[in-house]
Amino acid sequence: MSDNVYNALFLCNANSARSIMAEAILNRIGAGKFKAFSAGSQPKGEVNPYALQLLESLNYDTSFARSKGWDEFAEPEAPEMNFIFTLCDSTANESCPIWPGHPMTALWSIPDPAKADGTEAELHLAFADAYRMLNNRISLFTNLPMDALDHLALQHHLDAIGRDTEKPN
């Protein structure tokens, strides 16, 4: 097994909910093997309170959470990314920065819980559902045999994880 720590960047528009949750999840379940970051194409400037509340209820330390732009990770002094995951279709269609190191990329589109309408319970459910989808995909990702896969096979797996429709338990 490799001693490499793989850097992963999760992107979405506002960097206030999905990408923040993904960063927290990967840093927990991929600890020692992965280091996660998040950013947005048009950062909101604050993390969604429902996202923070959900993470805190699941015993995540949220002190890391801040809404930031993706340009921060295109700077020469930024950590070099191995993987970049786009979590929304609209961000996937934007002109991204040139990422140092030519990381592998994949679209893992997740509905934006911050755009949900409804009762307080329905809003909480939208965030819980996004968390569940992210947790499932990130769990699959962290269990890939990174050292045993060539570049093309790994890209195939990343794309398949993003295409995977949610199946009933």
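This is a short walk through the fold, from its sheet to its cores and one of its helices. Please keep in mind that the model is predicted.

Let's begin with the sheet. Four strands form an open sheet in the order β2-β1-β3-β4, and their pairing is parallel. At the edges sit β2 and β4 (residues 104-107), each of which pairs on one side only. Between neighbouring strands of this sheet the average turn is 20°, with direction ignored.

Now take the β2 side of the sheet. Strand β1 (residues 6-12) runs parallel to β2, and seven bridges join the two. If you would like a place to look, find Ala8, which stands opposite Ala36 in β2. Helix α1 (residues 18-29) belongs with this pair: β1, α1 and β2 make a right-handed β-α-β unit. Is edge strand β2 largely enclosed or not? Six of the seven residues of β2 (residues 34-40) are buried, so this strand is largely enclosed by the rest of the structure.

Moving to the other pair, four bridges join β3 (residues 83-86) to β4, again in parallel. Here Phe83 stands opposite Met104 in β4. Helix α5 (residues 151-163) lies across both β3 and β4, and runs at about 20° to β4.

With the sheet in view, we can turn to the packing. In soluble globular proteins, nonpolar side chains tend to be buried together. The largest nonpolar core here has 41 residues, and those touching the most other members are Phe10, Met21, Phe83, Phe85, Trp108, Phe141 and Leu158. Two or more residues come from each of β1, α1, β2, α2 (49-57), β3, β4, α4 (120-142) and α5. The largest share, eight residues, is that of α4.

Phe10 is a good residue to centre your view on. Leaving aside residues up to four places away in sequence, its contacts include Ala22 and Leu26, Ala36 and Phe37, Phe85, Trp108 and Ile138. There is also a second, separate core of nine residues, with Phe37, Trp70, Ile84 and Trp99 among them.

Finally, have a look at helix α2. Which of its residues are buried? Tyr50, Ala51, Leu54 and Leu55 are. These four lie on the same side of α2, because they cover an arc of only 130° around the axis. On the other side of α2, Pro49 and Ser57 are exposed. The cover over the buried residues of α2 includes α1 and α4.

Note on methods. Residues are numbered from 1 along each chain as its sequence is written. This is a predicted model: local features need pLDDT of at least 70, side-chain atom pairs count only at pLDDT 80 or more; totals for chains, interfaces and linings use all residues. Side-chain values use heavy atoms; hydrogens and water are left out. Buried means under 20% relative accessible area, exposed over 50%, partly exposed in between (1.4 Å probe, protein chains only). Two strands pair if DSSP finds at least two bridges between them. A crossover is right-handed if, with the strands pointing away from the viewer, the path from the first strand over the helix to the second runs clockwise. Axes are lines fitted to C-alpha atoms, for helices over the stretch in contact, and angles run from 0 to 180 degrees between N-to-C directions. Contact means heavy atoms within 4.5 Å. A nonpolar core is a set of buried Ala, Val, Leu, Ile, Met, Phe, Trp, Tyr and Cys residues joined through side-chain atoms within 4.5 Å. The arc is that of the directions from the helix axis to the C-beta atoms.
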